[in-house]
Amino acid sequence: MGRNSPHGIKIHWFHILVALADEDRHGNGIVREVLERTDGQLKIWPVMLYRCLDEMMEEGLVTELTDAEQRPSGESERRRYFRITESG
């Protein structure tokens with residue numbers, strides 16, 4: 001299962017949720033925010049990030065913004081944006 005945070009969830013999940021708490025972000029934005037918030041101590045690689053996000057979507061903690069109206073204007077449609085849910 002990996003290391004858990006003091007909150008009883010996987011440490012990567014915790015930091016992803018914190019990164020999404022204040023705004024919707026695309027994958028690279030999540031990685032940068034986690035790196036910044038942890039002073040470079042936690043690096044989430046893309047494969048791990050998207051595996052975690054898929055698992056977190058299954059658990060109802062995050063959702064992917066698939067509607068163009070939900071996504072920031074002017075951003076590439078290729079970027080996947082995510083939002084924390086009320087459960088998250």
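In this predicted model, R37 is partly exposed, with a relative accessible area of 43%. A good place to begin is the partner of this arginine. R37 forms a salt bridge with D22, and the closest N and O atoms of the two are 3.6 Å apart. Because R37 belongs to helix α2 while D22 sits in the loop between α1 and β1, the pair ties together parts that are 15 residues apart in sequence. D22 is likewise classed as partly exposed, at 48% relative accessibility. The pair also belongs to a wider set of contacts: salt bridges that share partners join D22, E23, R25, E33 and R37 into one network. In general, side chains of opposite charge can pair when their charged atoms come close. For the whole model, the count comes to nine salt bridges.

Another arginine, R80, takes part in two of the salt bridges described here. One of them joins the side chains of R80 and D54, at 3.9 Å from N to O. R80 lies in the loop between β2 and β3 and D54 in helix α3, so this salt bridge links parts that are 26 residues apart in sequence. With a relative accessible area of 28%, R80 is partly exposed, and D54 is also partly exposed, at 36% relative accessibility. R80 also forms a salt bridge with E64, where the closest N and O atoms are 3.0 Å apart. Here the pair ties together parts that are 16 residues apart in sequence, because E64 lies in strand β2 and R80 in the loop between β2 and β3. E64 is partly exposed, with a relative accessible area of 23%.

Attention now turns to the strands. Three strands form an open sheet in the order β1-β3-β2, with antiparallel pairing. β1 and β2 are the edge strands, each pairing on one side only. Between β2 and β3 the antiparallel pairing runs over four bridges, and V62 has I84 in β3 as its bridge partner. Helix α3 packs on this sheet, where it touches β2 and β3. The direction of α3 makes about 110° with that of β2.

Helix α1 offers a view of the interior. Eight of the 11 residues of this helix, which covers residues 11–21, are buried, so α1 is largely enclosed by the rest of the structure. The buried residues are I11, H12, W13, H15, I16, L17, A19 and L20. Their packing partners include both helices and strands: β1 (25–26), α2 (27–37), α3 (46–58), β2 (62–65) and β3 (81–84).

One of these partners, α3, can be described in further detail. Two packed helices are described by the angle between their axes and the distance between the axes. For α1 and α3, the axes come within 10 Å and cross at roughly 80°, which means that α1 is roughly perpendicular to α3. On the α1 side, the contact is made by H12, W13, I16 and L17, and on the α3 side by M48, L49, C52, L53, E55 and M56. By class, this contact has eight nonpolar residues, one polar residue and one charged residue. Helix α3 thus appears in several parts of the picture: α3 meets α1, packs on the sheet, and holds D54, the salt-bridge partner of R80.

Key
Residues are numbered from 1 along each chain as its sequence is written. This is a predicted model: local features need pLDDT of at least 70, side-chain atom pairs count only at pLDDT 80 or more; totals for chains, interfaces and linings use all residues. Side-chain values use heavy atoms; hydrogens and water are left out. Buried means under 20% relative accessible area, exposed over 50%, partly exposed in between (1.4 Å probe, protein chains only). Helices (H or I, at least four residues) and strands (E, at least two) are DSSP runs, numbered from the N terminus. Contact means heavy atoms within 4.5 Å. Axes are lines fitted to C-alpha atoms, for helices over the stretch in contact, and angles run from 0 to 180 degrees between N-to-C directions. Angles under 35 degrees count as roughly parallel, over 145 as roughly antiparallel, 65 to 115 as roughly perpendicular and the rest as oblique. Ala, Val, Leu, Ile, Met, Phe, Trp, Tyr, Cys and Pro count as nonpolar, Asp, Glu, Lys and Arg as charged, and the others, Gly among them, as polar. Two strands pair if DSSP finds at least two bridges between them. A salt bridge is a side-chain nitrogen of Lys or Arg within 4 Å of a carboxyl oxygen of Asp or Glu.
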